[in-house]
Amino acid sequence: MTRDVTTYRLAVLGAGVMGVGISVLALGRGVPVVLVDVDPERLDQARGRVEQELRLAQLMGARAEDAPVGELVTTGSLADVAGADAVIEAVTEDAALKVKALTEVSAVVPRGTLLVTNTSSIPVDETALQVPRPEDLVGVHFMNPSYLIPTVEVVRGSRTGDAAVASVRELLAVLDRKGVFVGDGPGFVTSRVLHRMINDAVRIVEEGRASAEDVDTLMQDCLGHRTGPLRTADLIGLDNLADSLRVLYERTGDEGCRPCDLLLRKVRDGHHGRKSGRGFYTYTGVHV
Ligand code: NAD
């Protein structure tokens, strides 16, 4: 039997693209969320972004107009995650930062609390080696936007315990997501395939062989890609895409994963995609 979602307590670390999206998913299902960030500016913006995206979720048919919304607490204090049934880390794609955040969380929540890493590319076993409670750690790669894409990639590490797997199944039921369990490794399945492909698409633009619009049109109209690789890059965030590619390149040696110069230039110039208003395209307001 599925648990009463209003009694579930979720904590999310990182109020960036994913932390906000995962919070919107949970809140939109009536689940209370504690959203933590170390950056006061991100925290200030988080509530407004959550409200905008809740409206968007409704417009896109992902939640009913009269569905109850969970209570949101935004905070800079990790102590506020005490009492959570599950903690999802959605902090910057940096292995050391994730280990630090998960280690600090372990000092606040009791042993047996589900710890989820939403990394795009860092192997779960690599993180598990450096955190105090590897048995509680599971990889759940929520897609972007989390409230519109009903399937997630789930990664059980070699040290993940059975209790954590049972807890992750409960979390997915509460959030109404379908989990596909895959083997551990850099980029799992989706980032291993998608990020490399996007990097190639950026290279084609860099070489002047086609514009971003033309690459996307061909990939959409001829190959059935939903949005095109460069619009997808802007949605992901070019800074996060470059970080994830770096993780992949460093762990696989695959030259195709070395972030290409045009991508790095855009990141350096602050053109991070939708979140900064400009990437391969220009944006105003919230779009999906
Ligand atoms: P982002 O840069 O938009 O946000 C990251 C946030 O983490 C920032 O607000 C930052 O201040 C915060 N942060 C850093 N250290 C923290 C800490 N110790 N505690 C609390 N907050 C902290 O990044 P994002 O795109 O939301 O990505 C987050 C994670 O999700 C990454 O691991 C990324 O690879 C993964 N992911 C991203 C996507 C995507 O499409 N962007 C999709 C799936 C998974």
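Biologist: How many residues of domain 1 are in contact with residues of domain 2?
Modeller: Keep in mind that this is a predicted model. The domain assignment gives us domain 1 as 5-182 and domain 2 as 191-275. On the domain 2 side, eleven residues take part, and the number in domain 1 is twelve.

Biologist: And what kinds of residues sit on the side of domain 1 that touches domain 2?
Modeller: Between the two domains there are three residue pairs in polar contact. The touching side of domain 1 is a mix: two charged, five polar and five nonpolar residues.

Biologist: How much area do domain 1 and domain 2 bury between them?
Modeller: The size of an interface is often given as the accessible area lost when the parts come together. Here 49% of that buried area is on carbon and sulfur atoms, and the total is about 920 Å².

Biologist: How far apart are the C-alpha centres of the two domains?
Modeller: Take domain 1 (5-182) and domain 2 (191-275) as the assignment has them. Their C-alpha centres are separated by 25 Å.

Biologist: How many salt bridges cross the interface of domain 1 and domain 2?
Modeller: Let's start with the whole structure, where the search turns up 17 salt bridges. For the interface between domain 1 and domain 2, the count is one.

Biologist: Which residue forms a salt bridge with Arg251?
Modeller: We want a carboxyl oxygen within 4 Å of a side-chain nitrogen of Arg251, because that is what the salt-bridge rule asks for. The closest N and O atoms of this pair are 2.7 Å apart, and the partner is Glu126.

Biologist: Is Lys98, which pairs with Glu89, buried or exposed?
Modeller: Lys98 and Glu89 form a salt bridge, with 2.9 Å between the closest N and O atoms. Glu89 has a relative accessible area of 0%, so Glu89 is buried. The cut-off for buried is under 20%. Lys98 has 2% relative accessibility, so Lys98 counts as buried.

Biologist: Where in the chain is Arg196, the partner of Asp254?
Modeller: Asp254 and Arg196 make a salt bridge, 2.8 Å between the closest N and O atoms. The pair links distant parts of the chain, 58 residues apart: Asp254 is in the loop between α9 (238-252) and α10 (261-268), while Arg196 is in helix α6 (residues 190-206).

Biologist: Which of those two counts as partly exposed, Asp254 or Arg196?
Modeller: Asp254 has a relative accessible area of 16%, so Asp254 is buried. At 29% relative accessibility, the partly exposed one is Arg196.

Biologist: Which residues are linked with Arg196 and Asp254 in a network of salt bridges?
Modeller: We already have the bridge between Asp254 and Arg196. The network takes in that pair along with Arg192, Asp200 and Arg203.

Biologist: Which helix holds both Arg246 and Asp243?
Modeller: Their side chains meet in a salt bridge, 3.0 Å from N to O. Arg246 is partly exposed, at 34% relative accessible area. The two residues are three apart, about one turn of the helix, and that helix is α9.

Biologist: Which residue's backbone oxygen does the side chain of Ser276 reach?
Modeller: Ser276 is in the segment after α10, and at 37% relative accessibility it counts as partly exposed. Leaving aside neighbours within four places in sequence, Ser276 is in contact with His271 and Gly270. The backbone oxygen, reached at 3.3 Å, belongs to Gly270.

Notes:
Residues numbered from 1 in each chain as written. Predicted model: local features only at pLDDT ≥ 70, side-chain atom pairs only at ≥ 80, totals over all residues. Heavy atoms only, no water. Buried < 20%, exposed > 50% of the residue type's maximum accessible area, 1.4 Å probe, protein only. Helix = DSSP H or I, 4+ residues; strand = E, 2+ residues; numbered from the N terminus. Domains from an automatic or database assignment. Contact = heavy atoms within 4.5 Å. Buried area = accessible area lost by both parts, 1.4 Å probe. Polar contact = N/O pair within 3.5 Å; in protein donor to acceptor, adjacent residues only side chain to side chain. Nonpolar A, V, L, I, M, F, W, Y, C, P; charged D, E, K, R; others polar.
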